[in-house]
Amino acid sequence: MTRFLLQLVALPACLLLAASLPAFAAPQSAPETGVTPSASTSADQADATDAPAAGEDTVASRQLQAKLTTDDDLKGVTANVDDGVARLDGSVLQPVHKQEAAQIATQTPGVATVVNNVEVDDSLGAHFHAAYRQMTAKLVAIAARGPLLLVAILIVIVAAWAGGVLSRNLRMLRLRTDNPYMDGLLRRTVRVIMILVGVLLALNLLGLSSLVGAVLGSAGVVGLALGFAFKDIAENYIAGVLLSVRKPFSPGEQIRIDSYEGKVVALTSRATILMTMDGNQLQLPNALVFKSVLLNYSQNPKRRFDFRTTMDAAHSIRQAQTLALEAYSRIEGVLDDPAPSWTVVQNAPGGIELQFFGWVDQRSSDLGKVRGEAIRLVKAAFARAGIQAPRTVQHVVLSRETEPQATPAPPLEPAHGASVDTSVNRDIDDQLAEAQRADAAAAGNMLDHEKPGQEKDTP
């Protein structure tokens, strides 16, 4: 019985001992298993570190090579990245291209250091080959854009045609003016604006809109330089524009600028063209015309003429005045309003000088002809009345035995002005019209003259 009880107690004790053996075995085996896993883990971590580093170098190499390939000047450069060090090899044409390649490599992610072994090829063959390659690429690009280029050219041609039509029909734009000079300036402005619009549309179609800003910027700089270089030309052009706006004279009017006198032929962008009374063509710079004193004889249709005559001091001033006014006031062309007038200029030992005035309408009478006829009639009236000019010769009588011989009387002028031509002088009108037509047909005029048989546009 006691043995049986001992067996019962020993059996659970053996089971408990068997169960506790693995627990005691685990702490003893821990140091052995800890050494082996530690070594394998370090190897794996080293492999894992090398793998990402190699992957980053590969990615950096691809990115750098792609950036270099996009630039035509750097296509001969090869790149290789190893441990963050970028090695550049190959050749370029300019030293600046070598610097650009190094800069691109520095800006590439994953590159810490750049070794630039790129060589500069200065040989003539390399440069010729590069130029040939660029020219070929341009020609291929132009050929590929051939249809678009034709459409762009067509747009510019249509814009130029539309500008010409609108410039000839300003009343469609409500820009018609009575000023012929301003009208010519508006025509050119409308034409230029339409052409510029066509060019902008064509550039936009070709994808060259960014070129417009560069062209405008360059045009500003070039314009500033040309403005200093051609200051006189720019001054004359601006003066021509201001003259066209102010309109101090019109075509065909007779004007006087400083000591120059003639009838207006045209106003161009550079000069004012006159025709002198001798039939000669005279060109005056617009700047001179704008800054000078200008006398317009044709602006007012009424114009005054004057002439002087001298008589002997022994005669009556009142009688001479009455005879003279009565004589030339009857001339056809002398206006009654304002009426003829007179004045005494001086009473000197050499005689009495009288000055007479009269007015004519230049639209129907010529100033020179009327003035000449007035002088003739006053001379005739004075001769009939015995009013003589101052005696400049002294007669000395040496003997009274012989009577002095009678001096023959001067021939008398007719007392009338019948069949006297006082019409407007038309000597150079045909030459003036021909010069105006020739000037209107020339390019760069700010004045559009009418052609023979063409009616003037009415607004």
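Two strands pair if DSSP finds at least two bridges between them. In this predicted model, glutamine 346 has glutamate 353 in β12 as its bridge partner, and this pair is a convenient entry into the sheets, helices and surface described below.

**Overall make-up**

The protein holds 11 helices and 12 strands, and buried residues make up 28% of its 459 residues. Of the contacts with a separation of 6 or more, 69% are accounted for by residues 24 or more positions apart. The accessible surface comes to about 29800 Å², and 60% of that surface belongs to carbon and sulfur atoms.

**The three-stranded sheet and its helices**

Strands of a sheet pair through backbone hydrogen bonds, either parallel or antiparallel. The open sheet of three strands has the order β10-β12-β11, with antiparallel pairing. Because β10 (302–311) and β11 (341–348) stand at the edges and each has a single partner strand, one side of each is left without a neighbour in the sheet. From one strand to the next the twist averages 20°.

On one side of β12 (residues 351–361), seven bridges join this strand to β11 in an antiparallel arrangement, while β10 and β12, which also run antiparallel, are joined by 10 bridges. Within the β10 pairing, lysine 302 has aspartate 361 in β12 as its bridge partner. The side chains along β10 alternate: Arg303, Phe305, Phe307, Thr309 and Met311 point to one face and are buried, whereas Lys302, Arg304, Asp306, Arg308 and Thr310 point to the other face and are not.

Two helices lie across strands of this sheet. Helix α9 (residues 317–328) lies across β10, β11 and β12 and runs at about 25° to β12, whereas helix α10 (residues 367–384) lies across β10 and β12 and runs at about 30° to β10. What does glutamine 321 touch, not counting residues up to four places away in sequence? This residue of helix α9 touches Trp342 and Phe356, and with a relative accessibility of 9% glutamine 321 counts as buried, because buried means under 20%.

The loop between α9 and β11 contains proline 338, and the peptide bond that leads from aspartate 337 to proline 338 is cis, with omega near 0°.

**The five-stranded sheet and two loop residues**

A further open sheet, of five strands, has the order β8-β7-β6-β5-β9, again with antiparallel pairing. Its edge strands are β8 (281–285) and β9 (294–296), each of which pairs on one side only. Neighbouring strands of this sheet are turned against each other by 40° on average, direction ignored. Strand β6 (residues 260–267) and strand β7 (residues 271–275) run antiparallel and are joined by four bridges, and alanine 266 stands opposite isoleucine 273 in β7.

Two residues that are not glycines have a positive phi in loops that adjoin β5; the table sets out their values.

| Residue | Loop | Phi | Relative accessible area |
|---|---|---|---|
| Lysine 247 | between α7 (231–246) and β5 (254–257) | about 55° | 31%, partly exposed |
| Aspartate 258 | between β5 and β6 | about 55° | 43%, partly exposed |

**Helices α3 and α4**

Which residues form the nonpolar patch on the surface? The patch consists of Phe128, Tyr132, Met135, Leu139, Ile142, Leu149, Leu150, Ile153 and Ile157, which together have about 940 Å² of accessible area. The elements that give two or more residues to the patch are α3 (124–144) and α4 (146–168), and α3 gives the most, with five residues.

Is leucine 150 buried or exposed? Leucine 150, which lies in helix α4, has a relative accessible area of 61% and is therefore exposed, as the cut-off for exposed is over 50%.

Alanine 130, whose place is in helix α3, counts as buried because its relative accessibility is 5%. The C-alpha atoms of alanine 130 and aspartate 72 are separated by 9.3 Å, although the two residues are 58 residues apart along the chain.

Methods
Residues are numbered from 1 along each chain as its sequence is written. This is a predicted model: local features need pLDDT of at least 70, side-chain atom pairs count only at pLDDT 80 or more; totals for chains, interfaces and linings use all residues. Side-chain values use heavy atoms; hydrogens and water are left out. Patches are made of residues with over 30% relative accessible area and no salt bridge: like charges are joined within 9 Å, nonpolar side chains (Val, Leu, Ile, Met, Phe, Trp, Tyr) within 5 Å. Accessible areas come from the Shrake-Rupley method with a 1.4 Å probe; for residues, only the protein chains shown count as cover. A salt bridge is a side-chain nitrogen of Lys or Arg within 4 Å of a carboxyl oxygen of Asp or Glu. Buried means under 20% relative accessible area, exposed over 50%, partly exposed in between (1.4 Å probe, protein chains only). Axes are lines fitted to C-alpha atoms, for helices over the stretch in contact, and angles run from 0 to 180 degrees between N-to-C directions. Contact means heavy atoms within 4.5 Å.
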